[in-house]
Amino acid sequence: MEYIKSETEAVILYGAGTQNLRMAFQPITSAGFHVAAIIDKDEKKRGKLFYGIRIALPEELQKYENKKKRYQIIITVRTEETVSEIKKELSELKHAEVFTFQEFIEAKKLNSKVKRFACIMFHLVDHCNMSCVRCSHFSPLAPKDGFYLKEEDFVKDCRRLAELTSGDIDEIQLSGGEPTLHPRAYSFPYIAKRYFPRTKIIMITNATKIKDMQEEFFQSCVDNDVELWISRYPINIDYHNIVDSLREKGIRVTFGNTGNSEDKPKEMWGLPMRLEGGMDKQHNFDCCLCMQYVLREGVLYPCANSAYIDLFNNYFKKGLPGPRENGVDIHQVKNMEELTQKISRAVPLCEFCDAQNRLPGIPWCVSKKEIGEWII
Ligand code: SF4
Ligand code: SF4
């Protein structure tokens, strides 16, 4: 099969919903594919940029058809009904090979082919001032005041990561838990930017504490071009007012999740674990949609589940594997090749993580901290 010239690994993403697009973009680009275009039917998104890639209307696909060479389209939308509508529309294209993200990840074995890191996440704290049902980072189960990332540890890890990657990381995410609960949250973007001058720095926040932050926090966001990603929840908070005040200060803001409107209430999704294990860990790893590289205390993990499983184990007194045995110590590997090879393998926790049966979304509510929120 012949692909478009000089874009052997080029793909086109279809669907520009923020959350789905983000979840697909990271493993696709980490596996070395180049996203040549993003397509969405919504006129309002036309011309907007996502990682420098312009969002275009479906008519743009004609450009690829005219080349009369095979090309690949990945539908990032998850709702089954919408996926079948899109597949029907795209069936008229003669040269396109069309996948859902799930189909693509499995067909290309993306998770086992890490070549670089599109994004690395750090927790500034593990706990949160909210407590959401099924929180995928187990934050409701984290001890309050249990962990605050130390600047010297962050420096050490950023320095080593920069050595290994030569600074080639698209995005560093400062997250949690709720990162603004760290009393020195403002200092981490300066450190990240020092070691990764070309990398976009994101802070993921529920925005509930933004109004209480000191000037040094806002100054750090401006100085380091930090983009705040606000996750919206159905709580009593005036998001628009917060966004306006941040933008007035010159801070970039994006709503990092969809939902939380009358026609689209906020839902929480989950990847269930099975305490008895015994599943095919390689298969679970191969079809896992939750890849999110997390660096915690010098160890790189393929996902939040594997990095923070101790929060679950400690709270419920269980013994699921990890976290250390799920990760790769970045201070022990010789080079980037060894790191990418080791992080491309299924981890012990994959045997307990039912990646093939994601739980259906449930309306957002406060976590009761019951084990059933995370297991089946
Ligand atoms: S706001 Fe985010 S980190 Fe905090 S409990 Fe909710 S989902 Fe978890
Ligand atoms: S532990 Fe679970 S979430 Fe993490 S890579 Fe394995 S299957 Fe995916």
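**Close-up views of a predicted model**

**View 1. Arg324 and Asp329 form a salt bridge.** The closest N and O atoms of this pair are 3.8 Å apart. Asp329 is partly exposed, and its relative accessible area is 21%. As you look around, please keep in mind that this is a predicted model. The structure holds 19 salt bridges, and two others have views of their own below. As background, side chains of opposite charge can pair when their charged atoms come close.

**View 2. A salt bridge links Glu89 to Lys41.** Here the closest N and O atoms come to 2.9 Å from each other. Glu89 belongs to helix H3 (residues 80-90), while Lys41 sits in the loop between strand S2 (34-39) and S3, so the pair ties together parts that are 48 residues apart in sequence. Are these two partners buried or exposed? Glu89 is partly exposed, with a relative accessible area of 36%. Lys41 is also partly exposed, with a value of 45%.

**View 3. Glu227 pairs with Arg252 in a salt bridge.** The closest N and O atoms are 3.0 Å apart. Because Glu227 lies in strand S10 (residues 227-230) and Arg252 in strand S11 (residues 252-255), the pair ties together parts that are 25 residues apart in sequence. Glu227 is buried, with a relative accessible area of 6%, whereas Arg252 is partly exposed at 35%. Follow the partners outward and you will meet a network: salt bridges with shared partners join Lys200, Asp225, Glu227 and Arg252.

**View 4. Nine names to look for surround ligand 1: Cys128, Met130, Ser131, Cys132, Cys135, Ser139, Gly177, Asn206 and Tyr233.** How many of the residues in this shell are nonpolar, polar or charged? Sorted by class, the shell has 5 nonpolar and 4 polar residues, and no charged ones.

**View 5. Gly322 and Pro323 are joined by a cis peptide bond.** The omega angle of this bond is about 5°. Most peptide bonds are trans, which makes this view a nice one to pause on. To find Pro323, look in the loop that runs between helix H10 (304-316) and strand S15 (328-329).

**View 6. Tyr51 and Glu297 each have a positive phi without being glycine.** As a general guide, most residues other than glycine have a negative phi. For Tyr51 the angle is about 50°. Tyr51 is found in the loop between strand S3 (49-50) and strand S4 (53-56), where it is partly exposed, with a relative accessible area of 25%. The phi of Glu297 is near 50°. Glu297 also lies in a loop, this one between strand S13 (294-296) and strand S14 (299-301).

**View 7. Domain 1 and domain 2 are in contact.** Domain 1 covers residues 10-108 and domain 2 covers residues 114-373. Between their C-alpha centres there are 25 Å. Where the two domains meet, 15 residues of domain 1 are in contact with 24 residues of domain 2.

**View 8. At residues 1-7, pLDDT stays under 50.** How many contacts beyond four places in sequence does the model have for residues 1-7? There are 18 of them. For the protein, the average pLDDT is 91, and 96% of the residues score at least 70.

Definitions and conventions. Residues numbered from 1 in each chain as written. Chains lettered and ligands numbered in written order. Predicted model: local features only at pLDDT ≥ 70, side-chain atom pairs only at ≥ 80, totals over all residues. Heavy atoms only, no water. Near = heavy atom within 4 Å. Nonpolar A, V, L, I, M, F, W, Y, C, P; charged D, E, K, R; others polar. pLDDT = per-residue confidence, 0-100. Contact = heavy atoms within 4.5 Å. Helix = DSSP H or I, 4+ residues; strand = E, 2+ residues; numbered from the N terminus. Buried < 20%, exposed > 50% of the residue type's maximum accessible area, 1.4 Å probe, protein only. Salt bridge = Lys/Arg side-chain N within 4 Å of Asp/Glu carboxyl O. Domains from an automatic or database assignment.
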